[in-house]
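User: Hi! I am new to reading protein structures, and I would like a close look at one small part, followed by a walk outward to the rest.

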Number of protein chains: 2
Amino acid sequence: MCELLGMNCNVPTDICFSFTGFQARGGLVDEHQDGWGIAFFEGKGVRQFLDSNASAHSPIAELVKNYPIRSKNVISHIRKATQGDIKLENTHPFMRELWGYYWIFAHNGNLINFKPEFDGSYLPVGNTDSESAFCFLLQELRKKFGTTFPSRSELFIEVKSLSIQIGAFGEFNFLFANGDLLFSHCSTHLTYIVRKAPFTQARLKDKDVEIDFSELTNHTDRVAVIATIPLTNNEKWETMDPGTLWLFQEGEVVEHGLTIAGPLTQNPSPES
Amino acid sequence: MCELLGMNCNVPTDICFSFTGFQARGGLVDEHQDGWGIAFFEGKGVRQFLDSNASAHSPIAELVKNYPIRSKNVISHIRKATQGDIKLENTHPFMRELWGYYWIFAHNGNLINFKPEFDGSYLPVGNTDSESAFCFLLQELRKKFGTTFPSRSELFIEVKSLSIQIGAFGEFNFLFANGDLLFSHCSTHLTYIVRKAPFTQARLKDKDVEIDFSELTNHTDRVAVIATIPLTNNEKWETMDPGTLWLFQEGEVVEHGLTIAGPLTQNPSPES
């Protein structure tokens, strides 16, 4: 399996602190050594760093950890291969364009016998179940909405419906973003935290690093961090229920709903 | 205007030497300071590094210069903005997927009033003439060949026809590659060199750096380097005639042809 890390904020924020802990899990304190990647949105543009080596030993990961790229939306992934060889083209996150926006996608899980029919609009380059799921997701969104960006709630309903459809094939935790919106689907494991004023100290679980966010932030800042397993051990992370889809915008949850029949611990959104 | 650098080889080769000279032109010895980018193919996968800062002062460019990523196909670009703001989404090279391959594109020139009709299959994310040209190129290739990768010569004929069509709008020097094939279109300025045995010494024009390729290569290696202006001052670079399209594969020219009426200095390929 793999691990996911996402960030969605209302101001461009660097992810150095969270990435420091996350990177350590890629072959240093954990087994995720089959490559890693990270994508930063800067406006509509994307900076993507991919490496088929373990993140703990990657000079590119060292650069990312030490060079504060400020972004409102980040998706990162460390890989323990289940399907697909250890190759650059199988390294997450993946990127495609839809409606004049880049979309970034990373997956943790395993889809069994997922062989969707592709019409050619988005074709996988590698041979992972994950990239197939991403291409199918975009293909179906374009089929549904044509060349026009739908409203946020229309898009949420459709991504939810596709998450149910693809999720029927197996474990399907994913992060999916276009620089403004960040979708997080919890099929088995995903947690999140929204950091906002009053900001406090945070301490990484995987490395002996502490940070005082109150010294680095303004009181209006809002930063949502999503991770497979909580990255800090002195903050309260929310556990997403299996079978839920969450949409983050400007550092907060703006929509959420069920993708399987079952209880939702927080107030469901109207369409769930 | 901007500058282009491309590499196409028969064995994975690092571009550190050429990039060292090229990087110096991005704000150090030259005026190209409005961003830079480089894309390396590794098999079908791509590593893309983009920065809207000058390459001469970019920590990411330092990493690329010092970290020998071995690739059979590389495209790099340093930008002096003509159209489009200095933003990440306007930074070349651009990337899209077609026929299950990533395609990388970088442009040097200026297309006047180029407003193609887009059907939605590939839409620009930024607002440069260059990205519009790339999206139009891919859209028309998909329209012509559907979901199937055509033969090399069919593809060459079509890219040539589209180069003529788009080139009617202005200066259109470009590099366009999928990891195997590298197209180079010379509208005004483009040069190339094919390095092969017997390998000799090369000395950069823009930095006091010399390399002895005979110490680093095997006698079967073949490396084509394409650049707007020759990068070394002790080797013979071929000047591409304005109005010519060249296709490189495995480190050598495999097709070339005219995109305007005029003389071609070398033997034209059958379809030119």
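Which residue in strand 15 of chain A is the bridge partner of Leu247(A)?

Analyst: Happy to help! Please keep in mind that this is a predicted model. The partner of Leu247(A) is Glu255(A), which sits in strand 15 of chain A. That pair belongs to a hairpin, so let us look at the hairpin and then move outward.

Strand 14 of chain A covers residues 244-249, and strand 15 of chain A covers residues 252-258. The two run antiparallel and are joined by six bridges. As general background, strands of a sheet pair through backbone hydrogen bonds, in either a parallel or an antiparallel way. Two residues lie between the strands of this hairpin, and Glu250(A) takes a positive phi near 50 degrees.

Chain B lets us look at strand 14 from another angle. Its strand 14 also spans residues 244-249, and Phe248(B) is found there. Phe248(B) counts as buried because 27 other C-beta atoms lie within 10 Å, where the cut-off for buried is 20 or more. One of its contacts is Asn8(B). Along the chain, Phe248(B) and Asn8(B) are 240 residues apart, yet their C-alpha atoms are separated by 6.6 Å. Leaving aside neighbours within four places in sequence, the other contacts of Phe248(B) are Leu182(B), Ser184(B), Ala224(B), Val253(B) and Val254(B).

Back in chain A, there is also an open sheet to explore. Seven strands form it in the order 3-2-4-1-12-9-13, with antiparallel pairing. Strand 3 (45-51) and strand 13 (238-239) of chain A stand at the edges with a single partner strand each, so one side of each has no neighbour in the sheet. Within this sheet, strand 1 (residues 3-14) pairs with strand 4 (residues 70-78) of chain A over eight bridges. Gly6(A) has Ile75(A) in strand 4 as its bridge partner.

Those two residues lead us to the core. Leaving aside neighbours within four places in sequence, Leu175(A) is in contact with both Gly6(A) and Ile75(A), and also with Leu4(A), Ala106(A), Leu182(A), Ser184(A) and Ile226(A). Leu175(A) and Ile104(A) have the most contacts inside the largest nonpolar core, which has 70 residues. A second, separate core has 69 residues, including Leu4(B), Phe105(B), Tyr192(B) and Leu231(B).

Now for chain A as a whole. It has four helices and 15 strands. Its radius of gyration is 17 Å, close to the 19 Å that the globule rule gives for 272 residues, so chain A is as compact as a globular protein of that length. The C-alpha trace spans about 50 × 40 × 35 Å along its principal axes. Buried residues make up 52% of the chain. Of the contacts in chain A with a separation of 6 or more, 68% are between residues 24 or more positions apart.

Finally, how do the two chains go together? A turn of 180 degrees with a shift of 0.0 Å along the axis lays chain B on chain A with an RMSD of 0.0 Å. This is the relation of a two-fold axis. Where they meet, 30 residues of chain B are in contact with 30 residues of chain A. On the chain B side, strand 3 gives the most, with four residues. By class, that side has 13 nonpolar, ten polar and seven charged residues. The copies meet through the same surface, because 100% of the interface residues of chain B are also interface residues in chain A.

How values were computed
Residues numbered from 1 in each chain as written. Chains lettered and ligands numbered in written order. Predicted model: local features only at pLDDT ≥ 70, side-chain atom pairs only at ≥ 80, totals over all residues. Pairing = 2+ DSSP bridges. Core = buried A, V, L, I, M, F, W, Y, C linked by C-beta atoms within 7 Å. Buried ≥ 20, exposed ≤ 12 C-beta atoms within 10 Å, placed from the backbone. Contact = placed C-beta atoms within 7 Å. Nonpolar A, V, L, I, M, F, W, Y, C, P; charged D, E, K, R; others polar. Rg over C-alpha atoms; globule rule 2.2 N^0.38 Å. Least-squares fit on C-alpha atoms with pLDDT ≥ 70 in both.
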